[in-house]
Amino acid sequence: MGGGCVNGGDFAHDASHDPILEARELVKRFGDFTAVKSVSFVIQRGESFGFLGPNGAGKTSTMRMISAVSQPTSGELSIFGLDPRSSGPAIRGRLGVVPQEDTLELELSVRLNLEMFGRYFDLPRATLRERAAELLDFAQLTERANDRVDDLSGGLRRRLTIARALINRPEILILDEPTTGLDPQARHLLWERLYRLKREGVTLIITTHYMDEAEQLCDRLVVMDHGTIVAEGAPRDLITRHSTREVVELRFNTTDHGDLHGDLEPFARRVEVLPDRVLLYVDDGDDALRDVHAAGVSPASALVRRSSLEDVFLRLTGRTLVD
Amino acid sequence: MATSVEPRLGWPRWRRSWWFHATYYAQTWRGTVASTVLFPIFYLAALGVGVGHLVTAHSGLIDGQTYLHFIAPSLLATTTMQLGEGESLWPVLASVRWIRSYHAAAATPLEPEDILAGKLSWVATRALATGVLYTAIIAVSGALQSWWSLTLPLVGTLVALAFAAPLTAFAAGAQSDASFTAIYRFAIVPMFLFSATFYPVSAYPGYLRPVVQFVPLYHGVALARTAAYGHGSLASTAGHVIVLGAMSVLGVLWGRRRLRRRLIG
């Protein structure tokens with residue numbers, strides 16, 4: 001398998017170069033609206049690959065194309081070396097898809113949801129029974145196996161949706177916003193299950209607008225905005241490349257933080273003004289903060305933190321990820 | 001995990017979708033008993049026996065039949081029409097928009113055509129079963145007069161498909177269920193009442209008769225009577241089959257288009 005790039009490094013130069021999915025100049029148009037404008041990327045077997053971007057960036061349209069569900073308007077796409085235009089069913093038989101919204105049968109039991117879905121993959125009853133038991137255990141739903149999905153919380157439903165997507169033992173698991181709407185505890189449990197799948201060799205493709213999720217889960221990711229890819233790399237690499245090591249967040253008792261831009265410029269490599277705060281991009285946050293105070297500037301509150309993908313996104317697009 | 005060889009049943013893809021509906025029904029059938037079994041028996045008892053007593057006393061036989069025997073075949077047609085409608089509008093919209101079961105299925109090896117074929121073959125299965133049950137009930141009531149009456153379940157299946165296919169297509173592309181209630185109130189119910197269901201078409205004034213023949217259910221009712229009594233001209237029988245068959249085929253073609261756009265567009 002491809003191995004992780006958690007410590008950085010360019011996948012294209014990895015010795016275990018084994019592409020499982022290749023997209024070249026993919027375009028998706030709906031009437032006059034172009035949702036995806038010529039994106040290219042290669043995903044390696046065993047890799048965990050992310051699409052990071054705000055709502056409307058074209059992530060879901062891209063996901064639907066690489067799930068071999070919707071066809072690209074133009075461009076080349078190869079999944080398992082097959083062309084989804086001609087081999088859609090064969091490709092989808094080897095994929096697992098976790099859609100943004102759960103599509104579970106609410107009136108049926110948890111177990112039946114798994115078994116019925118497995119029949120779409122032409123799996124015999126005995127196999128389904130065995131796998132359903134295995135997946136119930138994986139999703140920690142064994143005790144709820146006979147409950148109706150209607151009675152499950154959002155977090156449990158999400159886990160069931162993921163378990164269901166694994167019924168055919170997919171080589172690639174595609175997750176569209178897997179943890180949106182979940183509480184922190186449910187998110188962490190889900191991440192842990194995803195690490196487990198990755199260890200077992202499943203290729204993960206994830207979209208998210210949570211930067212922490214992308215940093216946690218993805219070996220490599222692309223940042224999307226307005227239907228294009230604006231950056232690509234390992235999370236740490238992207239941060240090193242597009243941001244400074246640390247960030248100082250300052251809040252002032254003022255209605256317009258924009259007035260402060262000039263005053264703060266001497267203290268940072270770059271100053272970013274948001275509606276509610278000012279960000280100073282610096283190498284050493286504590287030093288910078290000391291300088292700010294020494295110069296007689298007194299913010300209402302100050303926070304020093306490490307640079308994140310959020311900062312990369314802000315740098316590349318001029319906007320924040322969420323809202 | 002990645003490279004295991006998958007066991008296979010070797011089922012064609014549409015059949016897997018059929019199986020989904022069948023399994024779902026096996027879990028939830030109780031709610032459907034009233035509408036597809038009890039109501040028609042109530043109608044048969046109330047109208048056929050109750051009203052029929054008055055009709056026969058005042059007017060004698062209709063088309064050579066007692067009133068009970070006259071309305072029994074038409075109730076098969078109205079029931080299978082309502083089965084086709086009931087399986088199509090809300091359940092299909094739920095599958096593409098609310099629960100999104102069809103989107104889930106479209107992410108598996110199934111193609112939109114498989115999903116549509118699975119759905120309609122399941123409607124056909126239910127209609128056939130309902131038709132068999134009905135034919136048995138009609139037989140008990142003594143209304144079966146010909147070997148042709150054994151084709152009644154097939155007539156019921158055709159009627160169900162003639163409504164299920166276009167209504168599935170309509171629902172597959174609908175944005176909301178706002179129009180569904182109107183379809184029920186202004187199309188399904190009037191057809192149930194006015195398709196020469198409860199009285200012969202000769203009860204209408206001459207200028208209205210051709211209008212009645214434009215009503216889709218009329219052809220189902222007429223075909224069911226033809227099958228039950230075993231008499232009817234070849235031309236008119238063929239005409240009824242063609243109308244119902246055309247509705248089914250056009251419905252399937254339209255449904256394929258709308259479902260493809262909805263699921264994989």
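**Fold and chain contact in the predicted model**

Of the 323 residues in chain A, 47% are buried. The model described here is predicted, and the values reported below are computed from it. Chain A contains 11 helices and 13 strands, and its C-alpha trace extends over about 75 × 45 × 45 Å when taken along the principal axes. When contacts in chain A between residues at least 6 apart in sequence are considered, 69% of these join residues that are at least 24 apart.

One part of chain A is an open sheet of three strands, arranged in the order β2-β1-β4 and paired in an antiparallel manner. The edge strands of this sheet are β2 (33-44) and β4 (74-79) of chain A, each of which pairs on one side only. From one strand to the next, the twist of the sheet averages 15 degrees. Helix α1 of chain A, which comprises residues 59-66, packs on the sheet and touches β1, β2 and β4 of chain A, and the direction of this helix makes about 125 degrees with that of β1(A). Within the sheet, strand β1 of chain A (residues 19-30) is joined to β2(A) by eight bridges, the two strands running antiparallel. As one example of this pairing, K28(A) has V36(A) in β2(A) as its bridge partner.

A residue outside these strands, Q100(A), lies in the loop between β5 (95-98) and α3 of chain A. Q100(A) counts as partly exposed because 15 C-beta neighbours are found inside 10 Å, whereas 20 or more would be needed for a residue to be called buried and 12 or fewer for it to be called exposed. When neighbours within four places in sequence are left aside, Q100(A) is in contact with T60(A), D176(A) and E177(A). By comparison with these contacts, the C-alpha atoms of Q100(A) and L82(A) are 25 Å apart in space, while the two residues are separated by 18 residues in sequence.

The model also includes a contact between two chains, to which chain A contributes 29 residues and chain B contributes 29 residues. On the side of chain A that touches chain B, the elements that give two or more residues are α2 (84-92) and α3 (110-119) of chain A. The residues on this side of chain A divide into 13 that are nonpolar, seven that are polar and nine that are charged. Helix α3 of chain A is thus named twice in this description, as one of the elements on the side that touches chain B and as one end of the loop that holds Q100(A).

Note on methods:
Residues numbered from 1 in each chain as written. Chains lettered and ligands numbered in written order. Predicted model: local features only at pLDDT ≥ 70, side-chain atom pairs only at ≥ 80, totals over all residues. Contact = placed C-beta atoms within 7 Å. Helix = DSSP H or I, 4+ residues; strand = E, 2+ residues; numbered from the N terminus. Nonpolar A, V, L, I, M, F, W, Y, C, P; charged D, E, K, R; others polar. Pairing = 2+ DSSP bridges. Axes fitted to C-alpha atoms, helices over the stretch in contact; angles between N-to-C directions.
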